[in-house]
Amino acid sequence: MMKNLVNKKLVKAITIGISASMLLQPVAAYAAEGEELNKSLASDEQKVSKQLSATETVEQAAQSFDKEVNNETNSVSAAVAEVNANVQAIDQQFNGKESATEADTVATITNNDLQEVHNDNYDQIKEAAENLSKDVEEIKKDVETLNTDAENISDAQDTRNDAVKELENTESVDAAAQKADTAYDGVSEKIAQANEKIENATTQEQADEAYAEAQAVVEEANKNLEDAKKEYAEKKGAYETALYKANAAQTAYTEAINNADGDIKKAEENLKAAQAEAKKLNDELDEAAKALDTAKANAEAAKELDVEGKEQAVTDAENNLKEATIALAEITGKITDAETAQSAVDQANAAATKAETDNAAAISAGQNAAQAVQDAQNAAVKAETDNASTIQTGKNAEQAVKDAWDDVVTAQKKLDDMKASKVILDNVSGHFDTDHNKMIAFELVKIWIRETEPNAEITLTGKERFTYIGWTLDPARYHYFEVNVNGTLRYFNYDTSTRKNDVKVYEKSGIDDTSDYQYVIERNKYLSSYKDKEEAAEEAVKEAEKTAKQTAIDNKQAIQAGKDAAKAVQDAKDAAVKAATDNAAAIQAGKDAEKAVQDAKDAAAKVAEDNAATINAGAEALNLLQDAQDAVTTAQNEKQAADDALTLAKKYAEEYKAVFDSYEKLSAAASKANTKLQDAANRLDTLKKSISDLMATYAGTGISTDDVKAELDELNKKYIEAKNKFDQAEKDKEKADEDLADAKEKLEDKKKEIADNEAANQPTGGNDGQQGTSGTGTDQGTTGTTTGTGTDQGTTADATPGSGATQTPVATVAAADGAAVLGANRALATSSTEAAKTVTSNSKAAGANAALKTEDAENSDITADSEGGVVVAKVQEEKTEKETVTSAITDIADQETPLAAIPVEQQSRLPYILLLILAALGITTEEVIRRNNKKSN
């Protein structure tokens with residue numbers, strides 16, 4: 001998760017113009033006084049450079065503050081403890097130590113001037129030190145509180161981070177919201193397009209189709225929205241729960257930060273109080289230091305501290321004693337070195353003797369082991385020499401058997417090659433089939449070469465020439481194909497006989513026309529003797545097998561003897577190797593022992609050589625020892641006399657020094673306490689800033705520098721956006737439904753407009769057409785014996801099919817199911833995709849039926865089948881979702897009717913109103929006439 005957050009953080013930084021490198025820089029530490037603080041800050045900067053998290057920075061800052069206050073060394077507590085120790089030490093100097101020991105070189109201060117200074121300043125110093133200690137104790141409590149605050153912040157952050165991580169791992173509603181957001185994309189435009197199509201429709205069918213397109217778009221969008229809402233409902237509960245937990249954890253995290261901020265303010269107040277007491281202590285010490293300087297100046301003026309002469313005497317005595325001591329040390333050192341050197345020589349000689357004794361057995365064992373290995377190796381050489389002839393005889397026998405069986409393989413291969421070649425040679429082709437006959441020629445080449453070289457490797461290289469080159473009397477002389485024979489390139493040509501059943505092969509010395517030709521083999525000649533060759537080859541195989549078997553029998557004993565002899569040699573070699581292996585350790589141990597003895601002897605000789613000079617120098621030093629010891633005794637007596645003379649003079653000087661040292665230590669401790677308090681204040685500022693940084697935002701952006709909070713803010717924002725998308729989608733749905741309702745109104749208006757136009761264009765009589773002629777008419781009528789073409793469809797009798805530019809919709813008149821009207825059986829059927837069409841059997845007549853507008857026509861889609869002369873009515877009804885559209889289908893049976901009884905010659909023109917009724921019932925004029933003709937016949 002953190003990796004993703006860092007990436008998002010960088011993206012945000014780039015977006016608002018903040019350099020990504022700034023985000024990765026450690027928080028700069030506040031400047032602080034003192035070398036120790038600088039080192040500590042440098043150390044902390046190195047830690048920060050490791051890219052600690054924000055809460056880790058807080059914990060580290062709290063730990064740094066804790067360390068600055070409570071560390072055993074170099075801390076506020078240590079400095080204050082040092083102040084108290086020095087205050088107590090000063091008190092003991094002037095009032096006596098509770099547990100004085102003989103090691104104390106300075107007695108209780110007896111100098112009156114020093115005692116007066118102490119009495120004037122000590123009480124104020126002690127009071128300031130005690131107040132400082134009390135303040136520091138409060139600061140220690142603050143440290144504990146702030147450590148707890150840092151832990152609480154860290155725990156709250158972990159809880160918050162886990163909650164946000166759980167939120168991130170919880171499937172969000174973003175995808176569902178995105179589906180809802182895009183569900184109605186383009187719907188308004190498509191409805192607008194449908195409205196335009198409805199407006200431009202010339203038929204009710206076109207208008208219905210345009211509306212259906214809009215309706216399908218809206219239904220699909222509504223379905224997409226419902227799917228999105230379903231998906232949203234499935235994911236919403238878990239996601240809102242995870243979001244609530246994350247926000248609650250963020251609130252707890254913020255409260256932990258606010259609590260820490262309040263505790264920091266309290267710690268700041270206690271630090272200020274301690275710093276005030278530290279300043280007061282330093283001021284009191286400054287006053288005491290001035291008084292001590294005055295007292296010392298007065299003592300020096302009174303010559304109470306004049307010890308220079310006596311100190312010089314002591315110095316001279318010390319120098320004399322030092323020189324005498326050094327001289328004695330040099331002499332005793334040489335004597336000691338000589339003794340040590342002689343001991344080393346003795347030890348080296350003893351070690352050499354011991355090494356020789358200790359390693360004698362190992363050396364002997366190693367020599368014996370080496371001899372045993374040599375004996376085994378000699379035995380192996382002898383066995384190899386003794387059995388060499390038998391082994392070679394066995395190998396020769398094995399080779400003879402192998403050669404015999406190789407001859408079997410060779411003979412069998414030759415037989416197999418002969419048979420394979422014959423198959424190729426039998427497949428002779430035409431005179432001009434160059435490629436085919438070339439392969440026969442190549443097979444003949446292989447037969448010819450293997451007669452002398454049975455195991456020859458023979459391949460075609462693919463290089464050849466069988467085309468003419470210019471004009472020549474003999475172009476075939478240029479022809480060749482290249483063959484690789486055991487790595488050597490050779491060139492061949494061939495010729496086919498006029499009977500086309502023979503191939504002669506020639507070998508050429510080159511590829512040009514001047515190359516020499518040499519006849520090598522001929523197909524028919526080879527095949528003429530093939531049977532004999534095949535039988536001979538088969539016999540050769542049998543003979544070779546017989547010979548191989550006999551050879552194996554004849555050489556069996558020699559082979560076995562050779563194997564036995566070889567085994568004996570190998571056994572001897574193995575024994576030699578085993579002897580070498582078994583004795584290797586003993587041999588190596590012997591060699592190592594010999595080397596150890598020699599090394600010990602060499603070492604003893606070198607020790608004697610290296611220590612010879614030291615031993616000689618020691619002998620000379622021994623003669624000078626007594627004089628040197630006497631000189632040291634004299635120097636010691638002179639030094640003691642000088643020390644005794646100086647003791648009385650130094651008594652007061654030591655008291656002054658002791659007091660000055662004590663006050664200087666106390667001043668240093670007080671100064672250090674002041675510095676450490678400032679360091680602690682700086683650490684507290686760093687902690688304060690690190691806690692403040694937890695709530696920081698990028699300047700001017702409102703984006704939190706806390707990656708997790710920024711991520712949580714983003715997730716909250718996305719969830720609100722997701723809910724807004726669903727709200728907007730509901731508005732889009734409402735608008736789409738309204739737009740579709742408007743489109744429905746436009747559809748109804750358009751269909752009524754089309755129906756009104758059709759009614760206005762209907763003819764008022766039935767005799768407007770021209771009979772018996774070809775032509776074009778704008779009104780409906782009857783046409784006989786010719787093909788009629790018109791912009792509207794009319795009825796046609798006994799004529800070829802007519803074509804019309806448009807089809808006139810015809811509305812059906814409702815009738816009871818199963819009722820017979822003029823011989824027509826009426827039935828109802830349903831369809832979910834298109835209305836069924838009624839086709840009159842074997843009818844080839846074409847024409848248009850007259851249209852009759854009814855009151856129900858406004859809600860009907862009506863089409864006419866122009867090819868079959870059949871009227872099909874589609875009645876579309878308004879249905880709820882998932883209902884089908886039902887259409888009435890009229891089935892006209894081919895049967896007699898009352899109107900069909902009138903003979904053709906007696907028929908008069910039917911009144912136009914009758915035609916309208918018949919058309920409304922779905923019965924064409926053609927059908928009436930056909931039935932009348934059938935009746936009369």
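A salt bridge is taken here as a side-chain nitrogen of Lys or Arg within 4 Å of a carboxyl oxygen of Asp or Glu. By this criterion, Glu171, Lys179, Glu231 and Lys235 are linked in a network of salt bridges. The structure in which this network occurs is a predicted model, and a search of the whole of it finds 39 salt bridges.

The chain has 937 residues, of which 36% count as buried. Its secondary structure comes to 18 helices and 14 strands. About 53,100 Å² of the chain is exposed, and carbon and sulfur atoms supply 50% of that area. When contacts between residues at least 6 apart in sequence are considered, 75% of them join residues at least 24 apart.

Several salt bridges join residues within a single helix. In helix α9, which spans residues 204-301, Lys279 and Asp283 are four residues apart and so are separated by about one helical turn. The side chains of Lys279 and Asp283 meet in a salt bridge, with an N to O distance of 3.2 Å. Lys279 is classed as exposed because its relative accessible area, 52%, is over 50%. Asp283, in contrast, counts as partly exposed, at 36% relative accessibility.

Helix α14, residues 530-622, holds a pair with the four-residue spacing of about one turn, namely Lys595 and Asp599. The salt bridge between the side chains of Lys595 and Asp599 has an N to O distance of 2.8 Å. Lys595 is exposed, with a relative accessible area of 51%, whereas Asp599 is partly exposed at 36%. A further salt bridge is formed by Asp610 and Lys606, whose closest N and O atoms are 2.8 Å apart. Asp610 and Lys606 also belong to helix α14, and because they are four residues apart there, about one helical turn separates them. Asp610 is partly exposed, with a relative accessible area of 45%. For Lys606 the corresponding value is 49%, and this residue is therefore partly exposed as well, the class of exposed residues beginning over 50%.

Charged side chains also occur in a surface patch. Glu151, Asp155, Asp158, Asp162 and Glu166 form a negative surface patch. One of these residues, Glu166, lies in helix α6, which covers residues 112-169. Glu166 has a relative accessible area of 40% and is partly exposed. Residues in such a patch have over 30% relative accessible area and no salt bridge, so the value of 40% for Glu166 meets the area condition.

Two asparagine residues were noted for their backbone angles. Asn74 has a phi near 55°, a positive value in a residue other than glycine. Its place is in the loop between α4 (54-70) and α5 (76-95), and at 26% relative accessibility Asn74 counts as partly exposed. Phi of Asn486 is likewise near 55°, and this too is a positive value in a residue other than glycine. Asn486 is found in the loop between β2 (480-485) and β3. With a relative accessible area of 42%, Asn486 is partly exposed.

Strand β3, residues 488-496, includes Leu489. Leu489 is partly exposed, its relative accessible area being 42%. Apart from neighbours within four places in sequence, the residues in contact with Leu489 are Thr461, Glu482, Val483 and Asn484. The C-alpha atoms of Leu489 and Leu460 are 9.5 Å apart in space, and the two residues are 29 apart in sequence.

A separation of 9.5 Å is also found between the C-alpha atoms of Asn368 and Gly590, which are 222 residues apart along the chain. Asn368 is located in helix α11, residues 360-426. The relative accessible area of Asn368 is 52%, and this residue is classed as exposed because the value is over 50%.

Methods
Residues numbered from 1 in each chain as written. Predicted model: local features only at pLDDT ≥ 70, side-chain atom pairs only at ≥ 80, totals over all residues. Heavy atoms only, no water. Buried < 20%, exposed > 50% of the residue type's maximum accessible area, 1.4 Å probe, protein only. Contact = heavy atoms within 4.5 Å. Patch = residues over 30% accessible without salt bridge, like charges linked within 9 Å, V, L, I, M, F, W, Y side chains within 5 Å. Areas by Shrake-Rupley, 256 points an atom, 1.4 Å probe, with all protein chains shown as cover. Lys, Arg positive; Asp, Glu negative; His and termini not counted. Charge placed at Lys NZ, Arg CZ, Asp CG, Glu CD.
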